[in-house]
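This briefing sets out selected features of one protein chain for a structural biologist. It is arranged by topic and is meant to be read beside the structure.

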Amino acid sequence: MGKKRRGAPTGPTTREEEPGLGPSPLGVGSLVADRYRIQLQVGTGAFGDVYRAEDVEVPGHVVALKILHQPAYGEEERQSALRELRHLASVFHPSVVHLKDHGWFESRLWFVMPWYDGETLESRIRRGPLTRAEARTIFEPLARALAAVHAAGLRHQDVKPETVFLAELPGWGDGSPEDAMMPVLIGLGVAATQAEMLVAGTPTYFAPEVAAQFATVAHRPRVTEK
């Protein structure tokens, strides 16, 4: 089975996209902000669509562009739409997807992230079990990335195989072909600050004390920031 080639999408979903929801996808060749020309739609979710796009101002530069489904007409709606961007902009780490550009297209927020060749951890696991050595090359950078997220005062809340992208970066690590993969944490759409007791994410990946809040149990453990 060949590897799945796609960019690094963001914005985890807790349901599949329903037919007819949101505006029509952007067509191939559409130009966003007079700069990003759509080449291919690579993903869709509950909150937005992700495209591979060409940066016409920088020949040969390809990016991942996400555009939200819902228009933001008022200031409160615009600030709510910018929530994910504030999270992306607050963390800087090689293994955390970062924000490159953003703007508004027909009142819908769009933002640009690096384009990565590779596959999600979910896709890799479907092809077969990881060796201990492979698992370690993913776990250690991912743990450092999560430490950076926490140091920035955020909780990711949706870490799962779908939100870990295994980017192919020749020359990464010690330069060997076996060490050319860098895990990148994506999907900060439901991240929360330390001051927010918002519970979100994918139920099958909830921490036990979080899952217990939605179960019929005698005693529900207190959910803390930690």
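The points below cover the overall make-up of the chain, its nonpolar cores, its salt bridges, two buried charged residues and two loop positions.

The model is predicted. Its chain contains five helices and 11 strands, and 42% of its 226 residues are buried. Nine salt bridges are present in the structure.

**Overall make-up**

- The accessible surface of the chain amounts to about 12,400 Å², and carbon and sulfur atoms account for 54% of that area.
- Of the contacts between residues at least 6 apart in sequence, 61% join residues at least 24 apart.

**Nonpolar cores**

- In soluble globular proteins, nonpolar side chains tend to be buried together.
- The largest nonpolar core in this chain comprises 20 residues, and V97, L109, F111, Y116, F165 and V184 have the most contacts inside it.
- Two or more residues of this core come from each of the elements β4 (62-68), α2 (83-90), β6 (108-114), β9 (164-168) and β10 (181-185).
- Strand β6 is the element that gives the most to the core, contributing three residues.
- Another core lies apart from the largest one; this second core has 13 residues, including V91, I138, A148 and V149.

**Salt bridges**

- Side chains of opposite charge can pair when their charged atoms come close.
- R37 and E54 form a salt bridge in which the closest N and O atoms are 3.8 Å apart.
- Because R37 belongs to strand β2 (residues 36-44) and E54 to strand β3, this pair ties together parts that are 17 residues apart in sequence.
- Both partners are partly exposed: R37 has a relative accessibility of 34%, and E54 has one of 27%.
- R127 and E119 meet through their side chains in a salt bridge with an N to O distance of 2.5 Å. R127 is partly exposed at a relative accessible area of 32%, whereas E119 is buried at 3%.
- K160 and E162 also meet in a salt bridge, with an N to O distance of 3.8 Å. Here the positive partner, K160, is buried with a relative accessible area of 5%, while E162 counts as partly exposed at 37%.
- R35, D55 and E57 are linked in a network of salt bridges.

**D49: a buried charge without a salt bridge**

- D49 is located in strand β3, which spans residues 48-55.
- D49 is buried and forms no salt bridge; R108, the nearest side chain of opposite charge, is 5.3 Å away.
- With a cut-off of 4 Å for a salt bridge, the 5.3 Å between D49 and R108 does not qualify.
- A polar contact of 2.6 Å joins the side chain of D49 to the side chain of T44.
- Beyond its neighbours within four places in sequence, D49 is in contact with P25, Q41, G43, T44, L65, K66, I67 and H69.

**R108: a second buried charge without a salt bridge**

- R108 is found in strand β6.
- R108 is likewise buried and has no salt bridge; its nearest side chain of opposite charge is that of E106, at 4.3 Å.
- A polar atom of the R108 side chain lies 3.2 Å from the backbone oxygen of L68.
- When neighbours within four places in sequence are left aside, the contacts of R108 are P23, L26, I67, L68, H69, Q70, P71 and G103.
- I67 and H69 appear among the contacts of D49 and also among those of R108.

**Two loop positions**

- F92 is placed in the loop between α2 and β5 (101-105). F92 is exposed, with a relative accessible area of 74%.
- The C-alpha atoms of F92 and A148 are separated by 7.4 Å, although these residues are 56 residues apart along the chain. A148 is one of the members of the 13-residue core.
- G74 sits in the loop between β4 and α1 (75-81). G74 counts as partly exposed, at 27% relative accessibility.
- From C-alpha to C-alpha, G74 and S107 are 9.6 Å apart in space, and they are 33 residues apart in sequence.

Terms used: Residues numbered from 1 in each chain as written. Predicted model: local features only at pLDDT ≥ 70, side-chain atom pairs only at ≥ 80, totals over all residues. Heavy atoms only, no water. Helix = DSSP H or I, 4+ residues; strand = E, 2+ residues; numbered from the N terminus. Buried < 20%, exposed > 50% of the residue type's maximum accessible area, 1.4 Å probe, protein only. Lys, Arg positive; Asp, Glu negative; His and termini not counted. Polar contact = N/O pair within 3.5 Å; in protein donor to acceptor, adjacent residues only side chain to side chain. Contact = heavy atoms within 4.5 Å. Core = buried A, V, L, I, M, F, W, Y, C linked by side-chain atoms within 4.5 Å. Areas by Shrake-Rupley, 256 points an atom, 1.4 Å probe, with all protein chains shown as cover.
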